Amino acid sequence: MMATPRSFSPALAQLASAQKTSKGAPAYSRFINRPLGRALAALAYVVGITPNGVTVISAAFTFTAIGLIALLTPSIAVSIAVVFCLVIGYALDAADGQLARLRGDGSVSGEWLDHTVDAFKVGVLHLAVLVSWFRFEDERGAWLLVPLGFQAVATVHFFSTLLVDQLRRAHRGTTKSLMKSDGSSSILYSLAVIPTDYGLMCIVLGLMFAFEPFRAVYALLLACNAGFLMLALPKWYREVSGFGKPPAPAPDGTA
């Protein structure tokens, strides 16, 4: 059911009071993307765009940027266009869920569409970098393994994170879980994990016009993401190992 139209400011205020937890959120996503997405969600609400419509617009911006990376010779103008499209696409990716909560018409199909678009994005972004290096930088050596490696790390990270989140939802309140409270993470933690932030990648891709600095920063981000994944996977495994098990009895024998 459509919500009653309202002005931008009340919609923005209502969204600000109903935000998701910031637990585990990297700094760009937490402090830049979510507020930007909140403003876009309020604007979409006033205009009358549906959450699925926002998802489609987000995909249009994101895949335009990916197409620019793969098809055009890197230049300052192309890099600016790539960053702009990726940043807006990412903000709209945050806006669709917020808009659904504001309108009260979130759906399983909408969540599926959002995650499917994300899966396509994760599945092709680094392949576009690989194509760009091969076509425009005349790269034929071992450096081509960097975007391939990034593609593998990003895919595993995305799928494992998504699956852990779904398992948490399915077992919340019913089984023993190693997951702690759903509160917020510290600012220090958000800054520490910023190399894993997709938003940071959106900005770093603006360096593509300068091949040597870009590939050095890009390789460093790959190393950080791979290191984070190697630390996170055992932690997630221990957590999901507790799902399906009854809570341990209290010391006094009570449940």
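Contacts between residues distant in sequence dominate this predicted model: of the contacts in the protein with a separation of 6 or more, 83% join residues 24 or more positions apart. The elements that frame these contacts are helical, with nine helices and zero strands in the protein. Read along the sequence, the pattern is accordingly α-α-α-α-α-α-α-α-α. Of the 255 residues, 40% count as buried. The protein exposes about 13,300 Å², and carbon and sulfur atoms supply 71% of that area.

A good place to begin a tour of the interior is the largest nonpolar core, which has 37 residues. Those that touch the most other members are Ile 69, Val 82, Trp 133, Leu 205, Phe 214 and Tyr 218. At least two residues of this core are supplied by each of helix H3 (51-71), helix H4 (76-103), helix H5 (108-136), helix H6 (145-171), helix H8 (198-204) and helix H9 (211-241). H9 gives the largest share, eight residues. Val 82 offers a closer look at the packing: leaving aside neighbours within four places in sequence, this residue is in contact with Ala 65, Leu 68, Ile 69 and Leu 205. A second core, separate from the first, has twelve residues, among them Ala 41, Ala 42, Ala 95 and Leu 99. In soluble globular proteins, nonpolar side chains tend to be buried together.

The pairing of H5 with H9 can be followed in some detail. The axes of these two helices come within 13 Å and cross at roughly 145°, and the crossing is left-handed. On the H5 side the contact is made by His 126, Val 129 and Trp 133, and on the H9 side by Phe 211, Phe 214, Arg 215 and Tyr 218. Sorted by class, the contact has five nonpolar, one polar and one charged residues. Trp 133, Phe 214 and Tyr 218 have already been met among the core residues that touch the most other members.

Further along H9 sits Asn 225. Is this residue buried or exposed? Asn 225 counts as buried because its relative accessible area is 6%, under the 20% cut-off. Beyond its neighbours within four places in sequence, Asn 225 is in contact with Phe 150, Val 153, Pro 195 and Thr 196.

Thr 196 is worth a visit in turn. This residue lies in the loop between helix H7 (187-192) and H8, and at 18% relative accessibility Thr 196 is also buried. Not counting residues up to four places away in sequence, Thr 196 touches Pro 26, His 157, Asn 225 and Phe 228. Thr 196 and Ala 226 are 30 residues apart in sequence, and their C-alpha atoms are 9.1 Å apart in space.

Another loop position, Glu 137, is found between H5 and H6. Glu 137 is partly exposed because its relative accessible area of 24% falls between the 20% and 50% cut-offs. With neighbours within four places in sequence set aside, the contacts of Glu 137 are Pro 74, Ser 132, Met 208 and Phe 211. Of these, Pro 74 is 63 residues from Glu 137 in sequence, with 8.9 Å between the two C-alpha atoms. Phe 211, for its part, also takes part in the contact of H5 with H9.

Methods. Residues numbered from 1 in each chain as written. Predicted model: local features only at pLDDT ≥ 70, side-chain atom pairs only at ≥ 80, totals over all residues. Heavy atoms only, no water. Core = buried A, V, L, I, M, F, W, Y, C linked by side-chain atoms within 4.5 Å. Buried < 20%, exposed > 50% of the residue type's maximum accessible area, 1.4 Å probe, protein only. Helix = DSSP H or I, 4+ residues; strand = E, 2+ residues; numbered from the N terminus. Contact = heavy atoms within 4.5 Å. Axes fitted to C-alpha atoms, helices over the stretch in contact; angles between N-to-C directions. Left-handed = near helix turned anticlockwise from the far one by under 90°. Nonpolar A, V, L, I, M, F, W, Y, C, P; charged D, E, K, R; others polar. Areas by Shrake-Rupley, 256 points an atom, 1.4 Å probe, with all protein chains shown as cover.
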